[in-house]
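Open the model in your viewer, keep the sequence panel beside it, and follow the stops below in order.

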Amino acid sequence: SKMDNSFHTISLGMGCFWGPDALFGHLPGVIRTRVGYAGGTTSHPTYRQMGDHTEIVEMDFEPDKISLEDILNVFWNHHNPVNINDYKGRQYMSLLLYHDEEQRSIIQRVTEEGKGETLTSIAPYSGFHLAEDKHQKYHLKRYPDALEKLGMLYSSHDDLVNATLVARLNGLAKGYTSLERIINEIEQWSTHSNHQQIMTDVIRTIRW
Ligand code: MHO
């Protein structure tokens with residue numbers, strides 16, 4: 001498998017979660033992404049009833065391939081933290097939810113070095129509520145031919161949205177990467193070469 005058992009997870013709020021899902025999904029080292037609601041206290045949040053939660057992109061990543069510092073740089077370079085009193089309350093809050101003490105101290109150090117926006121809130125992670133299916137890999141879902149062909153590789157919606165390949169293709173759908181970059185990356189994965197060939201063959205036939 002392309003992942004070992006030592007991946008890390010980080011959860012970020014940076015506005016509408018559709019874009020960040022594609023942004024982080026395109027990056028080598030990110031194993032999978034998901035979008036949902038977190039950071040609040042109300043139970044069973046949904047898109048229509050988010051309560052005091054924030055739209056969050058959560059990702060599993062390989063720290064030897066992409067560091068938390070790298071991820072934080074992407075985070076601050078790709079959104080303008082909004083004052084929650086000015087716009088939509090907590091829904092679009094700039095928020096870093098750290099999963100452990102190591103992440104907390106890295107975030108604190110980077111923030112003190114002045115790279116961090118002061119309007120970003122920092123809080124301990126306390127659970128995640130997965131958003132509705134239609135919000136997962138939202139940009140890729142604008143491409144019916146891609147979904148139909150990926151249906152040949154993944155037998156369920158969960159398998160599809162959790163796949164590294166699908167995270168990259170969602171990034172491609174938003175314009176963050178290219179098919180050639182994705183195919184080159186697949187060749188680096190420790191996946192069986194037959195499976196690499198099948199993935200490459202399938203994605204080459206997609207009409208965008
Ligand atoms: N302006 C966007 C935001 C969606 S994002 C999931 C819309 O409602 O179409 O918050």
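Begin by selecting C16, which sits in the loop between β1 (8-14) and α1 (18-25); helices (H or I, at least four residues) and strands (E, at least two) are DSSP runs, numbered from the N terminus. The model is a predicted one, in which local features need pLDDT of at least 70 and side-chain atom pairs count only at pLDDT 80 or more, while totals for chains, interfaces and linings use all residues. Residues are numbered from 1 along each chain as its sequence is written.

Stay on C16, where an unreviewed UniProt entry places the feature "active site"; UniProt positions follow the numbering used here, feature names are shortened, and annotations may be inferred rather than shown by experiment. Is C16 buried or exposed? C16 is partly exposed, because 16 other C-beta atoms lie within 10 Å, where 20 or more would make a residue buried and 12 or fewer exposed, partly exposed being in between, with C-beta atoms placed from the backbone. Now add E55 and Y92 to the selection, since C16 is in contact with both when its neighbours within four places in sequence are left aside; contact means that C-beta atoms, placed from the backbone, lie within 7 Å.

Next, move to strand β4 (residues 94-98), where 4 of the 5 residues are buried. Strands β1 and β4 run antiparallel and are joined by 4 bridges, and two strands count as paired if DSSP finds at least two bridges between them. To see one of these pairings, select G13 together with its bridge partner in β4, L95. On strand β5 (residues 121-124), 4 bridges lead to β4, and these two strands run parallel; here Y98 has P124 as its bridge partner.

Then select L12, which, apart from its neighbours within four places in sequence, is in contact with P20, I56, V57, F75, L95 and L96. L12 is also among the residues with the most contacts inside the largest nonpolar core, which has 41 residues; such a core is a set of buried Ala, Val, Leu, Ile, Met, Phe, Trp, Tyr and Cys residues joined through C-beta atoms within 7 Å. Helix α6 (residues 164-173) gives the most to this core, with 6 residues.

Finally, zoom out to the protein chain, which has 8 helices and 6 strands. The C-alpha atoms fill a box of roughly 50 × 35 × 25 Å, taken along the principal axes.

Notes
Two residues are in contact if their C-beta atoms, placed from the backbone, lie within 7 Å.
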